[in-house]
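Reader: I have a structure open and would like to learn how to read it. Could you walk me through it feature by feature?

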Amino acid sequence: MGLFGGRKNDTEAPRMVTADLEEHVAETPSLPKPRNNTVIAEGVTFSGTINGEGVVQVEGVVEGQVDLKGALIVTTTGVVKGPVHAETVHIAGTVKGDIRAKDRLRLERTGNVEGDVSTVSLVIEEGGCLNGRATMSKDTPAGDQGGKKNKQPKQEPAEEAKA
């Protein structure tokens, strides 16, 4: 018996909105699940410099430099206007500025970058747009030391051809 003598219907579960969300999520590119993070929500504009550790997820607009020891995730609605320095960068939205990703940079199919990028590992999905130069460094990613030092063998000068 429910409150005020009404009958409670035990067979019908409350309707959840998650079905609508799951359908919408299936249409967008996959992004990593955030750990401890900061979210710049859709409809919010942040002007200034972001410095710190952890994960920053941009769903709104960031105007200024982003300098992270961690990851930057720019969702499909997110826009970053300024230089980005982070260990890992995932872009499904727009970045207008140079990007330096210490470990890896992933440009999703809906992503757009207007600027130069520098990273060890670069993935651009079909449909992703990079308008700028890409520089690939030979350093190993921060988490992948593997006990090896990244030294290239010393090359001897080429001998001149004798006539």
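Reader: Let's start with strand pairing. Which residue in E7 stands opposite valine 74?

Author: Happy to help, and please keep in mind that this is a predicted model. To read a pairing, find a residue in one strand and look across to its bridge partner. Valine 74 faces isoleucine 91 in E7. The strands involved are E5 and E7 (residues 84-91), which pair in the parallel sense over 6 bridges.

Reader: What lies on the other side of E5, and how many bridges join E3 to E5?

Author: Strand E3 (residues 50-58) runs parallel to E5, and 9 bridges join them. For one register point, look at glycine 52, whose bridge partner in E5 is leucine 68.

Reader: How many residues of strand E5 are buried?

Author: Here the count to check is relative accessible area, with buried meaning under 20%. Strand E5 (residues 66-74) is mostly covered, with 7 of its 9 residues buried. Across the 163 residues of the chain, buried ones make up 29%.

Reader: That leads me to the core. Which residues have the most contacts inside the largest nonpolar core?

Author: The general idea is that in soluble globular proteins, nonpolar side chains tend to be buried together. In this model, the largest nonpolar core has 21 residues, and those with the most contacts inside it are Val66, Leu72, Val80, Val84, Val89, Ile91 and Ile99. Elements E3, E5, E7 and E9 each give two or more residues to this core.

Reader: Let me zoom in on one of them. What does valine 84 touch beyond residues up to four places away in sequence?

Author: Valine 84 touches Val66, Leu72, Val89, Val95, Asp98, Ile99 and Arg100. Among these neighbours are Asp98 and Arg100, so it pays to click through the whole list on your screen.Reader: Now for charges. How many salt bridges does a search of the whole structure find?

Author: Side chains of opposite charge can pair when their charged atoms come close. The search finds 4 salt bridges in the whole structure. One of the pairs is lysine 81 with glutamate 63, at 4.0 Å from N to O. Lysine 81 lies in strand E6 (residues 79-81) and glutamate 63 in strand E4 (residues 61-63), so this pair ties together parts that are 18 residues apart in sequence.

Reader: Are those two side chains buried or exposed, or something in between?

Author: In between. Lysine 81 is partly exposed, with a relative accessible area of 39%. Glutamate 63 is also partly exposed, at 33%.

Reader: Which residues are linked in a network of salt bridges?

Author: Try following the shared partner. Arg106, Glu108 and Glu125 form such a network. Arginine 106 meets glutamate 108 at 3.1 Å, N to O, and arginine 106 meets glutamate 125 at 2.6 Å, N to O. The pair of arginine 106 and glutamate 125 links distant parts of the chain: arginine 106 is in strand E9, while glutamate 125 is in the loop between E11 and strand E12 (129-131), 19 residues apart.

Reader: How covered are arginine 106 and glutamate 108?

Author: Glutamate 108 is buried, with a relative accessible area of 0%. Arginine 106 is partly exposed, at 27%.

Reader: Since E9 has come up, how many bridges pair strand E9 with strand E11?

Author: Strand E9 (residues 99-107) and strand E11 (residues 117-124) pair over 7 bridges, in the parallel sense. Look for leucine 107 opposite isoleucine 124 in E11. From E11 you can step on to strand E13 (residues 134-136), which runs parallel to E11 and is joined to it by 3 bridges. There, threonine 119 stands opposite methionine 136.

Reader: What is the strand order in the open sheet of 6 strands?

Author: Read such a sheet from edge to edge. The order is E2-E4-E6-E8-E10-E12, with parallel pairing. Strand E2 (45-47) and E12 are the edge strands, each pairing on one side only. The twist averages 5° from one strand to the next. At the E12 end, strand E10 (residues 112-114) pairs with E12 over 3 bridges, and valine 113 stands opposite leucine 130.

Reader: Stepping back, what does the secondary structure of the chain come to?

Author: The chain has 1 helix and 13 strands. From the N terminus on, the α element comes before the run of β elements. As for sequence range, take the contacts between residues at least 6 apart: 8% of them join residues at least 24 apart. Finally, the chain exposes about 11400 Å², and carbon and sulfur atoms supply 49% of that area.

Notes. Residues are numbered from 1 along each chain as its sequence is written. This is a predicted model: local features need pLDDT of at least 70, side-chain atom pairs count only at pLDDT 80 or more; totals for chains, interfaces and linings use all residues. Side-chain values use heavy atoms; hydrogens and water are left out. Two strands pair if DSSP finds at least two bridges between them. Helices (H or I, at least four residues) and strands (E, at least two) are DSSP runs, numbered from the N terminus. Buried means under 20% relative accessible area, exposed over 50%, partly exposed in between (1.4 Å probe, protein chains only). Contact means heavy atoms within 4.5 Å. Accessible areas come from the Shrake-Rupley method with a 1.4 Å probe; for residues, only the protein chains shown count as cover. A salt bridge is a side-chain nitrogen of Lys or Arg within 4 Å of a carboxyl oxygen of Asp or Glu. Axes are lines fitted to C-alpha atoms, for helices over the stretch in contact, and angles run from 0 to 180 degrees between N-to-C directions. A nonpolar core is a set of buried Ala, Val, Leu, Ile, Met, Phe, Trp, Tyr and Cys residues joined through side-chain atoms within 4.5 Å.
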